[in-house]
Each structure stands twice: as structure tokens, then as C-alpha cells.
Amino acid sequence: RIYLDHAAAMPVDPRVLDAALPYLTEKVGNPSSLYNEGLTAKSAIEEARGRVADLINAEDTQSIIFTSGATESNNIAVRGTALRNIRTGKKIAASTIEHISVINPAKDLQKSGFAFDRIPVDAMGVVDLEALNGIVTPETAVTSVIYANNEIGTVEPIPEIAGIVHDRGRYLHVDATDAAGRIPIDVQRDGIDLLTLSGNQLGGPEGIGALYIRPGVREQPVIFGGGQERGLRSGTENLFGIVGMGEAARIAGADMQGESRRLAGIRDRLIERILTIDEAYLTGHPVKRLPHHASFRFSRIEGESIQLAMDMYGIAVATGSACTSRTLEASHVLLAIGLRHEEAHGSMIATLGRSNTMEQVPMVVDAARETVKRLRAITPL
Ligand code: PMP
């Protein structure tokens with residue numbers, strides 16, 4: 001099989017498993033306990049925190065809190081920041097191509113009287129800086145922009161966005177779920193106040209994530225309890241997940257340059273060859289895109305049928321975001337870049353990872369060409 005859906009789920013790096021497994025068996029302890037096992041657990045967590053901080057050049061290891069995943073980090077970043085800074089204004093802003101775990105907490109805040117402003121993007125998915133400039137005001141408690149979009153791969157001009165948000169004296173949250181470990185992220189250079197990270201997207205386990213909170217940013221919890229993670233995220237720590245995520249962050253930092261260059265080569269060949277298929281188009285930015293990300297749309301066919309047909313050739317690809325495909329709605333991201341509903345349905349996304357090679361490209365392209373031909377022959381569209 002050829003697996004091309006690393007954005008949906010990634011295999012855990014064997015080194016991650018080696019590092020983290022003992023914390024499920026012999027090295028078990030609650031980090032809040034003062035005896036030896038507790039102290040061992042606590043120090044493993046602090047080491048992992050340091051590794052995650054290093055990956056994004058955070059100024060202080062304590063600026064990282066561990067969460068259950070990117071969804072929770074996004075919820076804390078949007079909801080926790082908005083509620084804690086309510087006195088500066090009841091407004092929040094987010095781009096139209098945010099993940100639903102940013103959009104839905106923002107929508108929920110509207111019930112508490114917040115205004116939710118949406119920042120448009122252009123046809124390639126790049127945030128419209130002029131629009132942003134007009135939308136963000138000193139009353140906007142938090143502005144959320146994705147570092148690089150999971151469906152179209154476009155990388156946003158984060159330093160420029162941060163400049164505009166900071167001009168108003170407000171906070172910028174960036175969802176780096178798909179960008180971290182793929183392109184260099186430096187929260188200090190980029191001007192990021194809050195940053196969402198996912199453990200699995202770094203090559204670590206599922207069910208763990210992190211949120212970077214720049215020292216001095218006013219934040220409040222979304223989950224209340226025993227006061228772990230500086231009181232911002234109560235609940236006994238996921239020791240296995242945290243150690244795994246720390247090791248994944250270390251490996252990502254060390255391997256990123258070489259691996260991203262390798263994957264970008266495969267990506268470019270894949271894009272070049274897929275675009276020779278009749279009425280196939282690239283979605284997202286041709287250059288400013290994630291190194292492991294290739295996304296397309298084919299006219300007059302359905303994404304779900306592409307996924308099923310490719311599966312029969314032994315190839316796993318995505319169509320839209322795995323998180324929203326259950327609803328069968330057209331992707332809000334593809335609509336935001338200006339596609340019509342029927343165009344937004346025919347999408348195919350390939351996100352590459354370690355198991356992928358240049359030799360797989362012709363097989364994927366042949367399967368896609370056959371699939372598209374067969375589906376068009378039977379389509380009512
Ligand atoms: N943000 C982005 C940009 C994502 O791509 C995803 C998942 N693919 C999430 C957030 C949510 O991640 P999780 O489901 O692991 O919480």
C-alpha cells in the first residue's frame with residue numbers, strides 16, 4: 001500500500017516509541033507525587049517541555065503547556081484568551097480557512113456576545129493583509145491564523161500578520177498543527193503570542209498536543225481541576241504522550257531540513273505529473289506551500305469516490321479534511337478560496353511522510369488518471 005494521508009494520522013517514529021514506552025510500564029509515577037517515582041515522572045515531563053520549546057525557539061520552557069491535542073490547544077487559545085481579556089473588548093477574529101477547532105469555539109463565543117470577524121484569503125489561500133488591517137482593532141482580544149492550511153498547504157505570511165495585530169496591541173494565535181516539524185517555526189522571530197502544536201503531526205502519539213503561551217499573555221483555563229500545567233490545563237499528565245511528543249519534537253528539529261527537502265522533491269514531481277490529467281488543478285499556493293503537501297481538484301467528480309477508488313489501487317489519499325468529511329459538506333476552505341460548490345467537491349489531497357518515495361509517484365499518477373477517467377464516464381455531472 002501507498003499511504004498519502006499523513007495529515008490525518010501518522011505512524012509513530014520507532015525512536016519515539018523507544019523513548020516513551022518505559023513510561024507506560026516500569027517508569028510509572030504521578031508527577032504530582034513527591035516520592036521517587038513522581039520526581040522521575042516530573043523530570044521526564046520537564047525534559048519533554050524543553051524539547052518542544054526548543055523546536056519553536058520559545059524563550060522559556062514554562063511557556064509550553066501540554067494538552068490532549070491540537071483541538072484542545074485551539075480551544076484554550078481562542079476561548080481562554082477571549083474570556084480572560086474580555087475587558088479589552090468583546091471581539092475575536094480568524095481567517096476563513098481556520099480548522100473547525102478554531103472556528104467552532106469562536107462561533108460559540110458569539111453566544112456570549114462576542115463579535116466574530118472573518119479575515120478573507122485570496123484564491124491561493126493567502127490571508128488578505130489589507131482586509132486584516134481593516135478588521136483587527138484594539139478591541140479584538142485574539143486573532144487566529146493558521147500557519148499552513150491542512151487542506152491546501154498554503155503557508156501564511158505570519159510575521160506580517162503579527163505586525164498588524166501587534167500594531168493594535170492585541171494577541172496573535174497561530175495553529176501550527178501541520179507546519180511544525182515541516183518548516184522552521186520561531187515564535188520570537190515570527191511574533192507569535194500563542195501557538196498550537198499536535199503530537200501526532202510531529203511523529204509522536206495521538207492524544208497529546210501543546211500550546212505555547214508567550215510569557216505575559218493573559219490566559220484563563222478552559223478545563224478546571226487540580227491545577228496541573230500552571231492551572232491552565234488541569235488533569236493528571238499524559239506521561240507517555242508527553243515524553244513521546246518531546247522525543248518527536250527533538251527528532252523533527254534534527255531531521256526537518258533533510259526530510260523536508262526529500263519530500264518536497266516527491267511533492268513537486270507528483271504535482272507536475274497529476275496536472276497532466278485532463279481538467280486537474282492544483283489547489284493552494286504553487287510555491288508557498290508545505291513541503292509534504294500536494295492538493296488537487298478534478299472537475300466533474302466527487303472527492304469521496306476518488307478516495308474509495310484510489311483505495312482499491314492500494315493508495316490512501318484524503319479528500320477535504322478527515323475531521324469534516326463525515327458531514328459531506330463542501331470544504332469551507334475550498335469555498336473560501338473562491339471555488340464553487342461543485343468544484344469544491346472534487347478534491348484529492350496527498351500528504352507525504354517517511355514511507356513515501358519517488359518510485360511511488362508513477363503508480364499514484366496512473367491510479368489517479370484511471371480513477372478520474374472511470375468516474376467521469378459514470379458521473380451525472
Ligand atoms: N488544526 C489543524 C490545522 C489540523 O489540521 C487539525 C487536525 N488535522 C487540528 C487542528 C485538530 O487536531 P486533533 O484532531 O488532533 O485535535
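Arg230 is partly exposed, with a relative accessible area of 48%, where buried means under 20% relative accessible area, exposed over 50% and partly exposed in between, computed with a 1.4 Å probe and with protein chains only. The model is a predicted one, in which local features need pLDDT of at least 70 and side-chain atom pairs count only at pLDDT 80 or more, while totals for chains, interfaces and linings use all residues. Residues are numbered from 1 along each chain as its sequence is written, and side-chain values use heavy atoms, with hydrogens and water left out.

**The loop before helix 8**

Arg230 belongs to the loop between strand 8 and helix 8, where helices (H or I, at least four residues) and strands (E, at least two) are DSSP runs numbered from the N terminus. Its phi is near 55 degrees, a positive value in a residue other than glycine. Glu229 is likewise found in the loop between strand 8 and helix 8, and the phi of Glu229 is near 50 degrees, again positive in a residue that is not glycine. Glu229 counts as buried, because its relative accessibility is 8%.

**Helix 8**

Helix 8 spans residues 239–274 and contains Met245. Met245 is buried, with a relative accessible area of 0%, and its C-alpha atom is separated by 9.9 Å from that of Val12, although the two residues are 233 residues apart along the chain. Gly253 is also found in helix 8. Gly253 counts as partly exposed because its relative accessibility is 43%, and the C-alpha atoms of Gly253 and Gly181 are 6.5 Å apart in space, with their positions 72 residues apart in sequence.

**Surroundings of the ligand**

Of the 13 residues around the ligand, those that come nearest are Thr71, His99, Asn150, Asp175 and Asp178, a residue being near a molecule or strand if one of its heavy atoms lies within 4 Å of it. The shell divides into 4 nonpolar, 6 polar and 3 charged residues, where Ala, Val, Leu, Ile, Met, Phe, Trp, Tyr, Cys and Pro count as nonpolar, Asp, Glu, Lys and Arg as charged, and the others, Gly among them, as polar. Helix 3 (residues 70–84) supplies the largest share of this shell, with 3 residues.

The table gives polar contacts between side chains and the ligand, a polar contact being a pair of N or O atoms within 3.5 Å; within protein, one must be able to donate a hydrogen and the other to accept it, and residues adjacent in sequence count only if both atoms are side-chain atoms.

| Residue | Ligand atom | Distance |
|---|---|---|
| Thr71 | oxygen | 2.6 Å |
| Asp178 | oxygen | 2.8 Å |
| Thr177 | nitrogen | 3.4 Å |

The protein covers 82% of the 390 Å² of accessible area that the ligand has on its own, with areas taken from the Shrake-Rupley method with a 1.4 Å probe and, for residues, only the protein chains shown counting as cover.

Asn150, one of the residues that come nearest to the ligand, also takes part in a contact within the protein, in which the side chain of His293 reaches the backbone oxygen of Asn150 at 2.8 Å. His293 lies in strand 10 (residues 293–298) and counts as buried, because its relative accessibility is 1%.

**Strands 3 and 8**

In a regular strand the side chains alternate between the two faces of the sheet. In strand 3 (residues 91–95), 5 of 5 residues are buried, with Lys91, Ala93 and Ser95 pointing one way and Ile92 and Ala94 the other. Strand 3 pairs in the parallel sense with strand 4 (residues 115–119) over 5 bridges, two strands being paired if DSSP finds at least two bridges between them. The bridge partner of Ala93 in strand 4 is Asp117. Between these strands the chain passes through helix 4 (residues 100–110) in a right-handed β-α-β crossover, meaning that, with the strands pointing away from the viewer, the path from the first strand over the helix to the second runs clockwise. Strand 3 also pairs in the parallel sense with strand 5 (residues 140–146), over 4 bridges, and there Ala93 stands opposite Thr143.

Strand 8 (residues 209–213) is mostly covered as well, with 5 of its 5 residues buried: Gly209, Leu211 and Ile213 lie on one side, and Ala210 and Tyr212 on the other. Strand 8 runs antiparallel to strand 2 (residues 64–67), with 4 bridges, and Tyr212 is the bridge partner of Ile64. Strand 7 (residues 194–198) is joined to strand 8 by 5 bridges, also in the antiparallel sense, and there Leu194 has Ile213 as its bridge partner.
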